[in-house]
Amino acid sequence: MANSALNRKFDRIRALEEAGELKPLTGSRALRKMMNNRLAMVGVVIFLIILLSAIFAPLLTAHSPTKIDLRSMLQSPSGEHWFGTDKTGRDVFARVLYGGRVSILVGLGSALLAALIGVGVGCYTGYKGGILDVIALRVSEIFMSFPQIILVLLLVSIAGQSLANLIVIFVLTGWGGMYRLARARMLSLREEEYVQALRSFGISTPMICYKHILPNALGPIMVNITLTTAMFILAEAGLSFLGLGVPLNIPTWGNILNVAKDLRVLQNNWWMWLPVGMVISLFVLSVNFIGDGLRDSTDPSQQG
Amino acid sequence: MTGEVALSVKNLKTFFYTNNRCNKAVNGVSFDIKKGRTLCVVGESGCGKSVTASTIMQLLPSLSRIEEGSITYHAEAGDIRIDQLDRDGKEMRRIRGSEIAMIFQDPMTALNPVYTIGFQIGESLKYHTDLSAKARHAKVVDLLANMGIPEPERRAKEYPHKYSGGMRQRALIAMAMSCNPKILIADEPTTALDVTIQAQIFRLMDELKEQHGTAIMLITHDMGVVAELADEVIVMYMGNIVEAGTVDDILRRPKHPYTRALLDSIPVLGRGRNQDIKSIRGATPDPYQRPKGCQFSPRCDFATETCSAMPDEEYITETHRVSCHHYKDISQHD
Amino acid sequence: MLTFIIRRLLIVIPMLLVISFLVYLGLELTPGDAVSHMIDPEAASQMSPAQFEALREALGLNKSFLERYATWVYNMLHGDFGRSLSGGVPISEIFLDRLPATLELSFLALLFSTVIGCSLGTISALKRGTATDSSLTVIGMLGVSIPEFFFGLVSILIFALHLRWLPVGGRLMPGYETFLDRAPHIILPALVLSLMMTAGVMRYSRAAMLDSLSREFIRTARSKGLPEWRINFVHGFRVALTPVVVLIGFRLPTLIGGSVIIEEVFQWPGIGSEFIGAVRGADYPLVMMIALFSVFAVLMASLIVDVLTAIIDPRVRLS
């Protein structure tokens, strides 16, 4: 029978249940589900490994990410240079580690800032409604009718290239999604009975929306923050690859990949672009695993 | 032929295995559904009455199974053991819809929003009869007309969102009755409807029973409905039948403390505002931390130490059975 | 249905006006003389300052901002999008030249990703919890996590540089006449672009299908004794279709965004690589025009999606 595995599992659970060995589950249900999600846990581990090795880069490599060493140009990976060296003799491994700092800062930082603005505005205007709400909604609509990368490139062409500009631009293009999510949650939550009760107690509006309603919308917002982080890291890599992101003298994951535009490098010097591309992919993958796990664990409609 | 047993359930146990726990949702129930009679299943939410219905239809979710017992459908061609059929096998599918049909609690969500009512009723006919497309359409219009839906020809071409709640439930009943099933299972069919519509739906079900001799299993938590419609009643609590009998047995001579408490908790029209309405003390226990023995004992006023053993079912009369250690002592209080 | 479309248009048109106004504002504020956006640079170099001033007057550049904006919109509606700063080529000519390449690529990618993504997502949902489902989920995750240009680079390395099965990039080479000559060039970029999109469509259609299968009407359908395939496809999939169509519409911005970078990686001569060139060269009129055009495309796509959902879902038509 096809279901024999399932049947055996049922038998096992039943035996345990009848022996009284299954205890009522305690603690946070969301946390427990997260811990049980194998992919999410793999994600957390990869995320921490990459994050920590970027933060503690100086402990992991003695090389400088920016020091040009013309005696050791274009070396393939060795015990001295784990990921080899680039055209000007810079150590690629060191560049990947230090570049991770900037790339993660841009991705995570912009996502958090965008969330702060989007959720801050969305909660308040969503709860209050009125003219403020209409204005915020229209402004976000304008931002969101541009394809993200087009808007980013447009703003880059106006504002010029710099690290700070890039973060500001990412925040500008990213807050709309957060805002809409927070507003939508607000619109449904503000009709709940407990909110009516709070209002009748005369509690102030900011207090109601940020202290009492916001925590109930936190699940989807956290999921969105992870997804936005992933998106921004990919966007930074893409822009820098095009040479339009972070200025080339600052090492970032995208800037390291920039060299692969040259077909000779692509074909002959794989160590200059393949490892860093894989690091980006792994990091984004881990963030997506975490986001997916969060989504499953905060979604009450799913059980298992 | 009225009164003949259409389906018998013996010592049925259905357990759920969600969240790595085992919930004994239905823990050994036995009853018969008879032709031309209405069997009411009452009990508070979570007592296993809906699970019993789903088990008969084999509509259980995947993380659950029938552990023990039997469900026997007494078809004209001979008995069929439903519990031994493959959940989505050919035979089970043939029985569903044509022999045993079901209507659900919430008519708002039970219909597919993207198909017309006519299409959805016709689907049943398509799979259970040999009618041509034209004949099916005629039959659909006929069914809708029988359910008291005005302008059935036009209404059949409309989508569910244009129907009111009561009309949707009629459409669902039309769908269920389309192939003249021998048994109709109704799972709280009026909970989501207005009181006035409720009465209409019940009248409709009663007519069906009279005209076609359909056996009806009606799940409800409303004692008023029981008094109105039932021929026989079973009272369920925490996955067990605590008391079963004819409607007179249960309403006039209740023996089990739970049944009595249930009846005491209903206001009676005409007794004025000062009548004594008792609520049942305590709350339904956690299904994962069941009390030992009689499931009702922690909430029961008459519980003693003997109640920590599961009581057997005792027949008071041929039709009336109860599972309580103390039912004789309790009735002496009257 | 007609009133429905008109109502949607009434939302889209003001939106376009506001955005075009912002774009025009941007154009006015960016460096470069407005005259140079409008006339042939060779003619401009032969003019004296007096002639130049006369021209400004004639072109209406001395009029008020709002009047200039109105003229600009009027010109656009008549197919005059101004001139690019580099070489003074009319932007409309650039569009005509580059658009077919982009459309070709996007259309193929949209087609591939929709067909493959929907089927895989549906399979994944129907086989929920099995090994097939989890491996498809992980592959889908990989698809949204790998940077598309990196994926493009790897595919160039393998299929073009090592195996030499397909060309590295480009679209029209001298001497190319038939479609068959061109076909090898589109395979890699179209595959890369659509594989990246497939992952998203797959994940989304899986979720939509699971949602649809958990609804009450599925139980009703089952209680009617319908066969499993009919429950899954006629009832489940049909209802899941609405959100999937909406998603595909909303993926258009992603598609445009994705094609920008993919076009650059594969040297595909479309609007995307033109846009990047314009950003690099600070060719503001061209940057703004392409941006405005992309907004137009997105708004039109959402309009089409609205109409499509109304056709698919009877509930939307009324509200």
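Here are some questions and answers on the chain contacts, a buried strand and the salt bridges of this predicted model.

Residues are numbered from 1 along each chain as its sequence is written, and chains are lettered from A in the order in which they are written. As this is a predicted model, local features need pLDDT of at least 70 and side-chain atom pairs count only at pLDDT 80 or more, while totals for chains, interfaces and linings use all residues; side-chain values use heavy atoms, with hydrogens and water left out.

Q: How many residues of chain C are in contact with chain A?
A: Contact here means heavy atoms within 4.5 Å. On the chain A side, 37 residues take part, and on the chain C side the number is 41.

Q: What share of the area buried between chain A and chain C comes from carbon and sulfur atoms?
A: Buried area is the accessible area (1.4 Å probe) that two parts lose on being put together, summed over both. For chain A and chain C that comes to about 3,600 Å². The carbon and sulfur share of it is 81%.

Q: Which residue of chain C forms a salt bridge with A:Asp292?
A: A salt bridge needs a side-chain nitrogen of Lys or Arg within 4 Å of a carboxyl oxygen of Asp or Glu. Between chain A and chain C the count is one. Its closest N and O atoms are 3.6 Å apart, and the partner of A:Asp292 is C:Arg203.

Q: Which helix gives the most to the side of chain A that touches chain C?
A: Helices are DSSP runs of H or I with at least four residues, strands are runs of E with at least two, and both are numbered from the N terminus. Helices H6 (130–144), H7 (148–159), H10 (205–242), H12 (263–268) and H13 (274–298) of chain A each supply at least two residues to that side. With eleven residues, the top contributor is H13(A).

Q: How many residues on the side of chain A that touches chain C are nonpolar?
A: Ala, Val, Leu, Ile, Met, Phe, Trp, Tyr, Cys and Pro count as nonpolar, Asp, Glu, Lys and Arg as charged, and the others, Gly among them, as polar. That side has four charged residues and eight polar ones. The nonpolar number is 25.

Q: Which three residues supply 40% of the area that chain A buries against chain B?
A: Over on this interface, 14 residues of chain A touch 16 of chain B. The buried area is about 1,400 Å², with 50% from carbon and sulfur atoms. No other three residues of chain A supply more of its share than A:Phe10, A:Arg14 and A:Glu17.

Q: Which residue of chain B meets A:Arg14 in a salt bridge at 2.7 Å?
A: Chain A and chain B have two salt bridges between them. A network of salt bridges links A:Asp11, A:Arg14, B:Arg65 and B:Glu67. The 2.7 Å (N to O) partner of A:Arg14 is B:Glu67.

Q: Why is strand E9 of chain B largely enclosed by the rest of the structure?
A: Buried means under 20% relative accessible area, exposed over 50%, and partly exposed in between (1.4 Å probe, protein chains only). One side of E9(B) has B:Glu232, B:Ile234 and B:Met236, the other B:Val233, B:Val235 and B:Tyr237, and all are buried. The strand, residues 232–237, is largely enclosed because the buried residues number six of the six.

Q: Which strand pairs with E9(B) in the antiparallel sense?
A: Two strands pair if DSSP finds at least two bridges between them. Strand E3 (residues 38–42) of chain B pairs with E9(B) in the parallel sense over four bridges, and there B:Val42 has B:Val235 as its bridge partner. A hairpin with two residues between its strands, where B:Met238 in the turn has a positive phi of about 50 degrees, joins E9(B) to E10(B). The antiparallel partner, over six bridges, is E10(B).

Q: Which residue meets B:Arg37 in a salt bridge?
A: B:Arg37 sits in the loop between strands E2 (23–34) and E3 of chain B, and its partner lies 195 residues away in strand E9 of chain B. B:Arg37 counts as partly exposed at 30% relative accessibility, whereas the partner counts as buried at 13%. At 3.7 Å, N to O, that partner is B:Glu232.
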